[in-house]
Amino acid sequence: MESFKLLIDGRLVDGDTTMPVINPATEETIADCPRASLGQLNQAVAAAKAAFPAWAATPIGERRKLIGQIADVIERNTDELARILTQEQGKPIADATGEVQGMAGFFRYFATLDLPVRVIEDSAGRRAEAHRRPLGVIGAIVPWNYPLLILAFKLPPALLAGNTLVVKPAPTTPLASLRFAALIADVLPKGVVNFITDANDLGDALTHHPDVRKISFTGSTATGRKVMASAAETLKRITLELGGNDAGVVLDDANPATVAQGIFNGAFQNSGQVCLAIKRLYVHESIYDAMCNELAQLADAAIVDDGSKQGTQLGPLQNRMQYEKVKGFLEDARKNGNIIAGGDVIDRPGFFIRPTIVRDIAEGSRLVDEEQFGPVLPVLKYASTDEAIRRANATTYGLGASVWSSDTDRAHDVATQLEAGTVWINTHLDMAPHIPFGGSKHSGIGVEFGEEGLAEFTQLQVINLAR
Ligand code: NAD
(Lines give C-alpha, C1' and ligand atoms only; values in the text may rest on other atoms or scores of the structure.)
Protein backbone atom coordinates (compact mmCIF):
# COMPACT_ATOMS: atom_id res chain seq x y z
CA MET A 1 0.00 0.00 0.00
CA GLU A 2 1.23 3.51 -0.79
CA SER A 3 1.82 5.83 2.12
CA PHE A 4 0.49 9.35 2.46
CA LYS A 5 1.39 12.22 4.78
CA LEU A 6 -0.12 15.42 6.09
CA LEU A 7 1.64 18.69 5.24
CA ILE A 8 2.12 20.93 8.28
CA ASP A 9 4.60 23.80 8.42
CA GLY A 10 6.49 22.55 5.38
CA ARG A 11 6.97 19.05 6.80
CA LEU A 12 5.33 15.84 5.62
CA VAL A 13 4.12 14.16 8.80
CA ASP A 14 2.03 11.22 9.91
CA GLY A 15 -1.39 11.82 11.39
CA ASP A 16 -1.80 11.24 15.10
CA THR A 17 -4.03 8.32 14.08
CA THR A 18 -4.99 6.70 10.77
CA MET A 19 -8.20 5.89 8.90
CA PRO A 20 -8.89 3.51 6.02
CA VAL A 21 -9.75 4.90 2.58
CA ILE A 22 -11.92 2.61 0.45
CA ASN A 23 -11.99 2.11 -3.33
CA PRO A 24 -15.72 2.53 -4.13
CA ALA A 25 -15.43 0.18 -7.12
CA THR A 26 -14.18 -2.76 -5.03
CA GLU A 27 -14.83 -1.77 -1.40
CA GLU A 28 -11.21 -2.71 -0.70
CA THR A 29 -8.98 -0.53 1.45
CA ILE A 30 -6.56 1.45 -0.69
CA ALA A 31 -4.55 3.07 2.07
CA ASP A 32 -4.33 3.60 5.75
CA CYS A 33 -4.56 7.35 5.53
CA PRO A 34 -3.17 9.72 8.14
CA ARG A 35 -5.88 11.33 10.25
CA ALA A 36 -5.07 14.62 11.93
CA SER A 37 -5.86 15.34 15.56
CA LEU A 38 -7.23 18.62 16.86
CA GLY A 39 -3.68 19.38 18.00
CA GLN A 40 -2.43 18.94 14.43
CA LEU A 41 -5.19 21.18 13.12
CA ASN A 42 -4.05 23.85 15.56
CA GLN A 43 -0.41 23.36 14.45
CA ALA A 44 -1.49 23.78 10.83
CA VAL A 45 -3.35 27.03 11.59
CA ALA A 46 -0.41 28.31 13.64
CA ALA A 47 1.98 27.50 10.77
CA ALA A 48 -0.24 29.31 8.26
CA LYS A 49 -0.51 32.30 10.60
CA ALA A 50 3.26 32.46 11.06
CA ALA A 51 3.87 32.19 7.30
CA PHE A 52 1.34 34.89 6.43
CA PRO A 53 3.31 38.15 6.90
CA ALA A 54 6.21 37.08 4.66
CA TRP A 55 3.93 35.57 2.02
CA ALA A 56 1.71 38.67 1.98
CA ALA A 57 4.83 40.83 1.56
CA THR A 58 6.16 38.68 -1.31
CA PRO A 59 5.75 40.62 -4.58
CA ILE A 60 2.72 39.40 -6.54
CA GLY A 61 4.97 38.61 -9.51
CA GLU A 62 6.87 36.11 -7.37
CA ARG A 63 3.66 34.55 -6.07
CA ARG A 64 2.43 34.31 -9.64
CA LYS A 65 5.63 32.53 -10.67
CA LEU A 66 5.26 29.94 -7.90
CA ILE A 67 1.60 29.32 -8.83
CA GLY A 68 2.80 28.68 -12.39
CA GLN A 69 5.40 26.26 -11.04
CA ILE A 70 2.65 24.35 -9.23
CA ALA A 71 0.85 24.02 -12.58
CA ASP A 72 4.06 22.52 -14.02
CA VAL A 73 4.25 20.04 -11.12
CA ILE A 74 0.62 19.00 -11.68
CA GLU A 75 1.21 18.50 -15.39
CA ARG A 76 4.33 16.41 -14.81
CA ASN A 77 2.42 14.15 -12.39
CA THR A 78 -0.93 13.96 -14.18
CA ASP A 79 -0.95 10.19 -14.58
CA GLU A 80 -0.17 9.44 -10.96
CA LEU A 81 -2.67 11.95 -9.57
CA ALA A 82 -5.37 10.67 -11.94
CA ARG A 83 -4.72 7.05 -10.95
CA ILE A 84 -5.09 7.85 -7.23
CA LEU A 85 -8.17 9.96 -7.94
CA THR A 86 -9.90 7.12 -9.79
CA GLN A 87 -9.01 4.67 -7.03
CA GLU A 88 -10.47 6.74 -4.23
CA GLN A 89 -13.23 8.67 -6.02
CA GLY A 90 -14.43 6.07 -8.52
CA LYS A 91 -14.62 8.22 -11.68
CA PRO A 92 -13.38 6.82 -15.01
CA ILE A 93 -9.67 7.30 -15.56
CA ALA A 94 -10.30 9.52 -18.60
CA ASP A 95 -12.42 11.84 -16.43
CA ALA A 96 -9.85 11.77 -13.62
CA THR A 97 -7.17 12.74 -16.13
CA GLY A 98 -9.42 15.58 -17.31
CA GLU A 99 -9.89 16.68 -13.71
CA VAL A 100 -6.13 16.85 -13.12
CA GLN A 101 -5.65 18.77 -16.38
CA GLY A 102 -8.46 21.11 -15.34
CA MET A 103 -6.74 21.59 -12.01
CA ALA A 104 -3.54 22.65 -13.77
CA GLY A 105 -5.65 25.00 -15.92
CA PHE A 106 -6.92 26.84 -12.84
CA PHE A 107 -3.38 27.38 -11.55
CA ARG A 108 -2.32 28.60 -15.01
CA TYR A 109 -5.24 31.01 -15.23
CA PHE A 110 -4.80 32.58 -11.81
CA ALA A 111 -1.07 32.94 -12.53
CA THR A 112 -2.08 35.49 -15.20
CA LEU A 113 -4.16 37.74 -12.93
CA ASP A 114 -3.14 40.87 -11.11
CA LEU A 115 -4.54 42.98 -8.27
CA PRO A 116 -3.83 46.51 -9.45
CA VAL A 117 -4.57 49.57 -7.35
CA ARG A 118 -7.69 51.26 -8.73
CA VAL A 119 -7.79 55.04 -8.59
CA ILE A 120 -11.37 55.97 -7.71
CA GLU A 121 -10.83 59.73 -7.77
CA ASP A 122 -7.81 61.90 -8.45
CA SER A 123 -8.93 65.52 -8.18
CA ALA A 124 -7.84 68.84 -6.73
CA GLY A 125 -9.72 67.90 -3.51
CA ARG A 126 -8.51 64.34 -2.91
CA ARG A 127 -7.02 61.15 -4.26
CA ALA A 128 -8.89 57.95 -3.37
CA GLU A 129 -7.38 54.55 -4.18
CA ALA A 130 -8.81 51.05 -3.82
CA HIS A 131 -6.29 48.42 -2.74
CA ARG A 132 -6.86 44.71 -2.44
CA ARG A 133 -5.18 43.29 0.67
CA PRO A 134 -4.91 39.63 1.61
CA LEU A 135 -7.10 38.41 4.46
CA GLY A 136 -4.78 36.08 6.37
CA VAL A 137 -5.31 32.37 7.02
CA ILE A 138 -7.93 30.74 4.79
CA GLY A 139 -9.62 27.45 5.68
CA ALA A 140 -10.43 25.56 2.48
CA ILE A 141 -12.95 22.75 2.89
CA VAL A 142 -13.52 20.43 -0.06
CA PRO A 143 -16.14 17.71 -0.83
CA TRP A 144 -15.63 14.26 -2.34
CA ASN A 145 -17.04 14.62 -5.85
CA TYR A 146 -14.18 16.63 -7.46
CA PRO A 147 -11.45 16.57 -4.81
CA LEU A 148 -8.67 18.06 -6.96
CA LEU A 149 -10.65 20.40 -9.19
CA ILE A 150 -12.52 22.02 -6.31
CA LEU A 151 -9.22 22.40 -4.46
CA ALA A 152 -7.98 24.28 -7.53
CA PHE A 153 -10.98 26.64 -7.35
CA LYS A 154 -9.63 27.84 -4.00
CA LEU A 155 -5.88 27.41 -3.72
CA PRO A 156 -4.48 29.53 -6.57
CA PRO A 157 -6.66 32.63 -6.06
CA ALA A 158 -6.09 32.51 -2.29
CA LEU A 159 -2.33 32.25 -2.81
CA LEU A 160 -2.19 34.90 -5.51
CA ALA A 161 -3.95 37.37 -3.20
CA GLY A 162 -1.27 36.74 -0.56
CA ASN A 163 -3.15 34.49 1.85
CA THR A 164 -1.94 31.30 3.51
CA LEU A 165 -4.09 28.19 3.83
CA VAL A 166 -5.17 25.16 5.77
CA VAL A 167 -6.81 22.71 3.37
CA LYS A 168 -9.16 19.95 4.50
CA PRO A 169 -10.26 17.40 1.91
CA ALA A 170 -13.30 15.18 2.45
CA PRO A 171 -12.76 12.08 4.64
CA THR A 172 -13.50 9.62 1.84
CA THR A 173 -11.25 11.30 -0.78
CA PRO A 174 -8.10 12.64 0.90
CA LEU A 175 -5.43 10.70 -0.99
CA ALA A 176 -4.95 12.58 -4.28
CA SER A 177 -4.92 15.82 -2.28
CA LEU A 178 -2.23 14.49 0.06
CA ARG A 179 -0.17 13.29 -2.90
CA PHE A 180 -0.50 16.77 -4.40
CA ALA A 181 0.56 18.28 -1.05
CA ALA A 182 3.72 16.17 -1.08
CA LEU A 183 4.48 17.27 -4.66
CA ILE A 184 4.27 20.98 -3.82
CA ALA A 185 5.84 20.84 -0.35
CA ASP A 186 9.14 22.18 -1.68
CA VAL A 187 7.65 24.67 -4.13
CA LEU A 188 6.14 27.06 -1.58
CA PRO A 189 7.72 28.50 1.58
CA LYS A 190 6.94 26.41 4.66
CA GLY A 191 3.56 26.99 6.26
CA VAL A 192 2.03 28.79 3.26
CA VAL A 193 -0.15 25.78 2.46
CA ASN A 194 -0.97 23.07 5.00
CA PHE A 195 -3.01 19.91 4.42
CA ILE A 196 -4.83 18.09 7.19
CA THR A 197 -7.42 15.30 7.03
CA ASP A 198 -10.25 14.24 9.30
CA ALA A 199 -13.09 11.79 9.69
CA ASN A 200 -15.71 14.56 9.49
CA ASP A 201 -14.71 15.78 12.93
CA LEU A 202 -12.38 18.76 12.35
CA GLY A 203 -14.46 20.97 10.04
CA ASP A 204 -16.20 22.51 13.00
CA ALA A 205 -12.92 23.33 14.77
CA LEU A 206 -11.50 24.87 11.60
CA THR A 207 -14.54 27.07 11.04
CA HIS A 208 -14.53 28.16 14.72
CA HIS A 209 -10.81 28.87 14.85
CA PRO A 210 -10.14 32.51 15.83
CA ASP A 211 -6.99 32.70 13.69
CA VAL A 212 -8.77 31.70 10.47
CA ARG A 213 -9.98 34.80 8.63
CA LYS A 214 -12.05 33.18 5.90
CA ILE A 215 -13.64 29.85 5.11
CA SER A 216 -13.94 28.85 1.49
CA PHE A 217 -16.37 25.95 1.63
CA THR A 218 -17.82 23.63 -0.98
CA GLY A 219 -20.28 20.99 0.16
CA SER A 220 -23.88 20.42 1.10
CA THR A 221 -26.32 23.15 2.06
CA ALA A 222 -26.81 21.50 5.47
CA THR A 223 -23.10 21.73 6.31
CA GLY A 224 -22.91 25.20 4.73
CA ARG A 225 -25.43 26.43 7.31
CA LYS A 226 -23.20 25.14 10.10
CA VAL A 227 -20.17 26.83 8.56
CA MET A 228 -22.04 30.12 8.36
CA ALA A 229 -23.19 29.86 11.97
CA SER A 230 -19.73 29.12 13.35
CA ALA A 231 -18.11 31.80 11.18
CA ALA A 232 -20.43 34.38 12.76
CA GLU A 233 -18.62 34.32 16.09
CA THR A 234 -15.38 35.70 14.70
CA LEU A 235 -16.96 37.46 11.71
CA LYS A 236 -15.04 35.32 9.26
CA ARG A 237 -15.50 35.95 5.58
CA ILE A 238 -17.21 33.03 3.88
CA THR A 239 -17.67 31.76 0.38
CA LEU A 240 -20.18 28.93 0.29
CA GLU A 241 -20.65 26.76 -2.79
CA LEU A 242 -23.52 24.48 -1.81
CA GLY A 243 -26.05 22.05 -3.16
CA GLY A 244 -28.26 22.41 -6.20
CA ASN A 245 -31.36 20.99 -7.83
CA ASP A 246 -30.74 22.28 -11.34
CA ALA A 247 -33.65 22.28 -13.75
CA GLY A 248 -33.20 21.66 -17.45
CA VAL A 249 -36.07 23.13 -19.46
CA VAL A 250 -36.63 21.65 -22.93
CA LEU A 251 -38.78 23.95 -25.07
CA ASP A 252 -41.28 22.56 -27.57
CA ASP A 253 -39.09 23.50 -30.56
CA ALA A 254 -36.10 21.44 -29.40
CA ASN A 255 -35.23 18.33 -31.36
CA PRO A 256 -35.00 15.46 -28.84
CA ALA A 257 -32.49 13.54 -30.95
CA THR A 258 -30.22 16.59 -31.15
CA VAL A 259 -30.29 17.64 -27.51
CA ALA A 260 -30.44 14.23 -25.79
CA GLN A 261 -26.68 13.63 -25.58
CA GLY A 262 -25.97 17.07 -24.09
CA ILE A 263 -28.74 16.63 -21.54
CA PHE A 264 -27.56 13.13 -20.68
CA ASN A 265 -24.00 14.36 -20.13
CA GLY A 266 -25.28 17.27 -18.05
CA ALA A 267 -27.22 14.91 -15.80
CA PHE A 268 -24.96 11.88 -15.53
CA GLN A 269 -21.38 13.15 -15.57
CA ASN A 270 -19.48 11.81 -12.56
CA SER A 271 -22.48 9.48 -12.04
CA GLY A 272 -24.65 12.50 -11.29
CA GLN A 273 -22.45 13.56 -8.38
CA VAL A 274 -22.05 17.12 -9.58
CA CYS A 275 -23.42 20.14 -7.73
CA LEU A 276 -24.38 21.63 -11.09
CA ALA A 277 -25.77 18.49 -12.75
CA ILE A 278 -29.24 18.57 -14.30
CA LYS A 279 -31.32 17.10 -11.48
CA ARG A 280 -34.83 17.70 -12.84
CA LEU A 281 -35.74 17.82 -16.53
CA TYR A 282 -38.86 19.68 -17.67
CA VAL A 283 -39.99 18.68 -21.16
CA HIS A 284 -42.86 20.12 -23.21
CA GLU A 285 -45.72 17.66 -23.58
CA SER A 286 -45.48 17.67 -27.40
CA ILE A 287 -42.00 16.09 -27.33
CA TYR A 288 -42.16 14.36 -23.94
CA ASP A 289 -42.35 10.75 -25.16
CA ALA A 290 -39.62 11.24 -27.75
CA MET A 291 -37.32 12.92 -25.23
CA CYS A 292 -37.84 10.17 -22.65
CA ASN A 293 -37.08 7.51 -25.25
CA GLU A 294 -33.87 9.19 -26.41
CA LEU A 295 -32.60 9.51 -22.83
CA ALA A 296 -33.54 5.92 -22.01
CA GLN A 297 -31.55 4.67 -25.01
CA LEU A 298 -28.47 6.58 -23.88
CA ALA A 299 -28.86 5.30 -20.32
CA ASP A 300 -29.20 1.70 -21.52
CA ALA A 301 -26.08 2.02 -23.65
CA ALA A 302 -23.84 3.53 -20.94
CA ILE A 303 -20.90 1.41 -19.78
CA VAL A 304 -20.90 1.36 -15.98
CA ASP A 305 -17.82 -0.26 -14.49
CA ASP A 306 -14.68 0.17 -12.41
CA GLY A 307 -13.25 3.55 -13.43
CA SER A 308 -9.76 2.10 -13.80
CA LYS A 309 -10.94 0.03 -16.81
CA GLN A 310 -10.48 1.73 -20.16
CA GLY A 311 -13.85 2.44 -21.79
CA THR A 312 -15.84 2.89 -18.57
CA GLN A 313 -18.24 5.82 -18.94
CA LEU A 314 -19.72 5.91 -15.45
CA GLY A 315 -18.10 4.72 -12.25
CA PRO A 316 -19.65 3.82 -8.89
CA LEU A 317 -21.14 6.21 -6.36
CA GLN A 318 -18.31 7.59 -4.27
CA ASN A 319 -19.20 6.19 -0.85
CA ARG A 320 -21.59 3.86 0.90
CA MET A 321 -23.59 6.66 2.50
CA GLN A 322 -24.32 8.25 -0.87
CA TYR A 323 -25.05 4.83 -2.39
CA GLU A 324 -27.66 4.11 0.30
CA LYS A 325 -29.12 7.57 -0.17
CA VAL A 326 -29.50 7.11 -3.94
CA LYS A 327 -31.06 3.68 -3.39
CA GLY A 328 -33.68 5.54 -1.32
CA PHE A 329 -34.35 7.78 -4.33
CA LEU A 330 -34.81 4.67 -6.50
CA GLU A 331 -37.46 3.44 -4.06
CA ASP A 332 -39.19 6.80 -4.34
CA ALA A 333 -39.01 6.62 -8.15
CA ARG A 334 -40.62 3.18 -8.16
CA LYS A 335 -43.51 4.48 -6.07
CA ASN A 336 -44.06 7.85 -7.72
CA GLY A 337 -43.01 7.40 -11.35
CA ASN A 338 -42.17 4.96 -14.14
CA ILE A 339 -38.58 3.80 -14.48
CA ILE A 340 -37.81 3.36 -18.18
CA ALA A 341 -34.04 2.72 -17.96
CA GLY A 342 -31.80 1.51 -15.18
CA GLY A 343 -33.39 1.38 -11.77
CA ASP A 344 -31.08 -1.30 -10.43
CA VAL A 345 -28.02 -1.56 -8.34
CA ILE A 346 -25.44 -3.81 -9.97
CA ASP A 347 -24.88 -7.08 -8.15
CA ARG A 348 -21.15 -6.94 -7.48
CA PRO A 349 -18.89 -5.38 -4.86
CA GLY A 350 -18.75 -1.61 -5.11
CA PHE A 351 -21.38 1.11 -5.08
CA PHE A 352 -22.72 0.75 -8.62
CA ILE A 353 -26.10 2.02 -9.79
CA ARG A 354 -27.06 2.06 -13.46
CA PRO A 355 -28.09 5.41 -14.97
CA THR A 356 -31.81 5.67 -14.39
CA ILE A 357 -34.48 7.61 -16.26
CA VAL A 358 -37.79 8.16 -14.46
CA ARG A 359 -40.85 9.47 -16.31
CA ASP A 360 -44.43 10.30 -15.26
CA ILE A 361 -43.17 11.81 -12.03
CA ALA A 362 -43.95 15.21 -10.55
CA GLU A 363 -43.25 17.58 -7.68
CA GLY A 364 -44.13 16.13 -4.30
CA SER A 365 -41.82 13.15 -4.81
CA ARG A 366 -38.43 13.19 -3.06
CA LEU A 367 -36.60 12.57 -6.34
CA VAL A 368 -37.90 15.87 -7.71
CA ASP A 369 -37.92 18.00 -4.57
CA GLU A 370 -34.55 17.02 -3.08
CA GLU A 371 -31.01 16.89 -4.41
CA GLN A 372 -30.39 13.26 -5.46
CA PHE A 373 -26.66 13.70 -6.23
CA GLY A 374 -26.60 10.43 -8.14
CA PRO A 375 -27.44 8.82 -11.51
CA VAL A 376 -31.25 9.05 -11.34
CA LEU A 377 -32.98 11.67 -13.50
CA PRO A 378 -36.69 12.58 -13.16
CA VAL A 379 -38.29 13.79 -16.42
CA LEU A 380 -41.35 16.00 -15.86
CA LYS A 381 -44.02 17.02 -18.38
CA TYR A 382 -45.23 20.62 -18.77
CA ALA A 383 -47.78 22.37 -20.98
CA SER A 384 -46.73 26.05 -21.18
CA THR A 385 -43.41 27.88 -20.96
CA ASP A 386 -44.64 30.04 -18.07
CA GLU A 387 -45.58 26.90 -16.19
CA ALA A 388 -42.13 25.38 -16.79
CA ILE A 389 -40.42 28.53 -15.51
CA ARG A 390 -42.61 28.65 -12.42
CA ARG A 391 -41.99 24.98 -11.60
CA ALA A 392 -38.25 25.21 -12.30
CA ASN A 393 -38.02 28.15 -9.88
CA ALA A 394 -40.12 26.50 -7.16
CA THR A 395 -37.13 25.35 -5.12
CA THR A 396 -34.94 26.79 -2.39
CA TYR A 397 -31.89 25.97 -4.52
CA GLY A 398 -30.53 28.27 -7.23
CA LEU A 399 -27.22 26.95 -8.52
CA GLY A 400 -27.54 26.26 -12.27
CA ALA A 401 -30.21 25.73 -14.91
CA SER A 402 -30.36 25.21 -18.65
CA VAL A 403 -32.74 25.90 -21.53
CA TRP A 404 -32.78 23.70 -24.62
CA SER A 405 -34.28 25.07 -27.84
CA SER A 406 -33.64 25.53 -31.54
CA ASP A 407 -34.53 29.23 -31.14
CA THR A 408 -31.77 30.88 -29.11
CA ASP A 409 -33.64 34.22 -28.75
CA ARG A 410 -36.56 32.42 -27.20
CA ALA A 411 -34.26 30.36 -25.00
CA HIS A 412 -32.48 33.54 -23.91
CA ASP A 413 -35.76 35.09 -22.85
CA VAL A 414 -36.54 32.01 -20.72
CA ALA A 415 -32.99 31.97 -19.31
CA THR A 416 -33.37 35.49 -17.90
CA GLN A 417 -36.43 34.33 -15.94
CA LEU A 418 -34.76 31.36 -14.23
CA GLU A 419 -33.49 31.84 -10.68
CA ALA A 420 -29.98 30.42 -10.79
CA GLY A 421 -26.39 31.64 -10.56
CA THR A 422 -25.62 30.21 -14.00
CA VAL A 423 -28.09 29.53 -16.81
CA TRP A 424 -26.82 27.72 -19.88
CA ILE A 425 -28.46 27.60 -23.29
CA ASN A 426 -28.17 24.34 -25.24
CA THR A 427 -25.44 23.08 -22.92
CA HIS A 428 -24.97 22.38 -19.22
CA LEU A 429 -21.86 22.18 -17.04
CA ASP A 430 -19.73 24.28 -19.39
CA MET A 431 -17.30 25.98 -17.02
CA ALA A 432 -14.04 27.85 -17.38
CA PRO A 433 -11.63 29.45 -14.88
CA HIS A 434 -12.33 33.00 -16.12
CA ILE A 435 -16.14 32.75 -15.99
CA PRO A 436 -17.40 33.38 -12.43
CA PHE A 437 -19.85 30.95 -10.91
CA GLY A 438 -21.81 30.89 -7.69
CA GLY A 439 -25.17 29.92 -6.30
CA SER A 440 -28.25 31.99 -5.60
CA LYS A 441 -30.80 31.27 -2.82
CA HIS A 442 -29.74 28.28 -0.66
CA SER A 443 -27.08 27.21 -3.17
CA GLY A 444 -24.45 29.52 -1.81
CA ILE A 445 -22.96 32.86 -0.97
CA GLY A 446 -20.32 34.55 -3.07
CA VAL A 447 -18.61 33.37 -6.25
CA GLU A 448 -15.54 31.50 -7.36
CA PHE A 449 -13.53 31.76 -10.60
CA GLY A 450 -12.54 34.86 -12.51
CA GLU A 451 -11.58 38.25 -11.17
CA GLU A 452 -14.68 38.25 -8.98
CA GLY A 453 -13.56 34.98 -7.38
CA LEU A 454 -10.08 36.37 -6.77
CA ALA A 455 -11.54 39.49 -5.13
CA GLU A 456 -13.30 37.27 -2.56
CA PHE A 457 -9.91 36.32 -1.16
CA THR A 458 -9.09 39.97 -0.48
CA GLN A 459 -10.02 42.80 1.84
CA LEU A 460 -10.83 46.07 0.12
CA GLN A 461 -8.79 48.92 1.60
CA VAL A 462 -9.36 52.53 0.57
CA ILE A 463 -6.56 55.05 0.91
CA ASN A 464 -7.91 58.57 0.91
CA LEU A 465 -5.38 61.37 0.55
CA ALA A 466 -6.37 64.99 1.31
CA ARG A 467 -5.15 67.64 -1.07
P1 NAD B 1 -20.60 17.70 2.99
O2 NAD B 1 -21.25 19.00 3.30
O3 NAD B 1 -21.03 16.50 3.72
O4 NAD B 1 -19.02 17.80 3.21
C5 NAD B 1 -18.23 18.79 2.59
C6 NAD B 1 -17.00 19.02 3.44
O7 NAD B 1 -17.38 19.62 4.67
C8 NAD B 1 -16.21 17.77 3.80
O9 NAD B 1 -14.82 18.06 3.72
C10 NAD B 1 -16.64 17.53 5.25
O11 NAD B 1 -15.68 16.79 5.99
C12 NAD B 1 -16.76 18.94 5.76
N13 NAD B 1 -17.55 19.10 6.99
C14 NAD B 1 -18.38 18.22 7.57
N15 NAD B 1 -18.92 18.76 8.69
C16 NAD B 1 -18.44 20.01 8.79
C17 NAD B 1 -18.65 21.09 9.72
N18 NAD B 1 -19.47 20.99 10.75
N19 NAD B 1 -18.00 22.25 9.50
C20 NAD B 1 -17.19 22.40 8.43
N21 NAD B 1 -16.94 21.41 7.53
C22 NAD B 1 -17.57 20.23 7.71
O23 NAD B 1 -20.76 17.53 1.42
P24 NAD B 1 -20.36 16.26 0.52
O25 NAD B 1 -21.37 15.20 0.81
O26 NAD B 1 -18.91 15.97 0.68
O27 NAD B 1 -20.57 16.83 -0.94
C28 NAD B 1 -21.78 16.78 -1.62
C29 NAD B 1 -22.51 18.08 -1.56
O30 NAD B 1 -21.65 19.15 -1.98
C31 NAD B 1 -23.71 18.17 -2.48
O32 NAD B 1 -24.77 18.82 -1.83
C33 NAD B 1 -23.22 19.03 -3.65
O34 NAD B 1 -24.23 19.66 -4.37
C35 NAD B 1 -22.31 19.97 -2.94
N36 NAD B 1 -21.34 20.53 -3.87
C37 NAD B 1 -21.45 21.86 -4.22
C38 NAD B 1 -20.57 22.40 -5.14
C39 NAD B 1 -20.69 23.84 -5.55
O40 NAD B 1 -19.73 24.36 -6.08
N41 NAD B 1 -21.78 24.53 -5.31
C42 NAD B 1 -19.58 21.61 -5.72
C43 NAD B 1 -19.50 20.27 -5.34
C44 NAD B 1 -20.38 19.75 -4.40
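Which residues line the second largest cavity? In this predicted model, the second largest cavity is lined by Leu7, Gly10, Ile184, Ala185, Leu188, Pro189, Lys190, Gly191, Val192 and Val193. That cavity is one of three cavities of 30 Å³ or more, and the protein also has pockets, the largest of which is the space taken by the ligand. The points below begin with the ligand, then turn to the pockets, and end with the cavities.

**The ligand and its surroundings**

- There are 30 residues around the ligand, and those that come nearest are Asn200, Ser220, Thr223, Leu242 and Glu371.
- Sorted by class, this shell around the ligand has 15 nonpolar residues, ten polar residues and five charged residues.
- Three elements, namely the helix α7 (203–208), the strand β10 (212–218) and the helix α8 (221–233), each supply at least two residues of the shell around the ligand.
- Two side chains can be named for their distances to the ligand: an N or O atom in the side chain of Lys168 is 2.9 Å from an oxygen atom of the ligand, while for the side chain of Trp144 the corresponding distance to an oxygen atom of the ligand is 3.0 Å.
- The backbone takes part in this list as well, since a polar backbone atom of Gly219 is 3.2 Å from an oxygen atom of the ligand.
- If the ligand is taken alone, it exposes 850 Å², and the protein buries 90% of that area.

**The largest pocket**

- The largest pocket, whose space is taken by the ligand, has a volume of about 1,100 Å³.
- This pocket is lined by 41 residues, of which Trp144, Phe217, Gly219, Ser220 and Thr223 are the closest to its centre.
- The elements that give two or more residues to the lining of the largest pocket are α7, β10, α8 and α11 (320–336), and the largest share, seven residues, comes from α8.
- By class, the lining of the largest pocket has 16 nonpolar, 16 polar and nine charged residues.

**The second largest pocket**

- The second largest pocket has a volume of about 450 Å³, and of the 25 residues that line it, Tyr146, Leu149, Phe153, Gln269 and Met431 are the closest to its centre.
- Two helices, α4 (93–110) and α5 (147–160), are the elements that give two or more residues to the lining of this second largest pocket, and the largest share of that lining, five residues, comes from α4.
- When the residues of this lining are divided by class, 14 are nonpolar, six are polar and five are charged.

**The cavities**

- About 90 Å³ of space lies in the largest cavity, which is lined by 16 residues, and of these Ala247, Arg280, Ala392, Gly400 and Glu419 lie nearest its centre.
- The strand β12 (246–250), the helix α13 (385–393) and the strand β17 (400–404) each supply at least two residues of the lining of the largest cavity.
- The lining of the largest cavity divides into seven nonpolar, five polar and four charged residues.
- For the second largest cavity, the space amounts to about 50 Å³, and the residues of its lining divide into seven nonpolar, two polar and one charged.
- Among the residues that line the second largest cavity are Leu7 and Gly10, together with others such as Ile184 and Val193.

Methods
Residues are numbered from 1 along each chain as its sequence is written. This is a predicted model: local features need pLDDT of at least 70, side-chain atom pairs count only at pLDDT 80 or more; totals for chains, interfaces and linings use all residues. Side-chain values use heavy atoms; hydrogens and water are left out. A residue is near a molecule or strand if one of its heavy atoms lies within 4 Å of it. A polar contact is a pair of N or O atoms within 3.5 Å; within protein, one must be able to donate a hydrogen and the other to accept it, and residues adjacent in sequence count only if both atoms are side-chain atoms. Accessible areas come from the Shrake-Rupley method with a 1.4 Å probe; for residues, only the protein chains shown count as cover. On a 1 Å grid over the protein atoms alone, a cavity is a set of points where a 1.4 Å probe fits but cannot get out, and a pocket is an open set with protein on both sides within 12 Å along at least five of seven lines; lining residues have an atom within 4 Å of a point. A molecule sits in a cavity or pocket if more than half of its atoms lie within 2 Å of its grid points. Helices (H or I, at least four residues) and strands (E, at least two) are DSSP runs, numbered from the N terminus. Ala, Val, Leu, Ile, Met, Phe, Trp, Tyr, Cys and Pro count as nonpolar, Asp, Glu, Lys and Arg as charged, and the others, Gly among them, as polar. Grid points are joined across faces, edges and corners, and a volume is the space filled by probe spheres set on the points.
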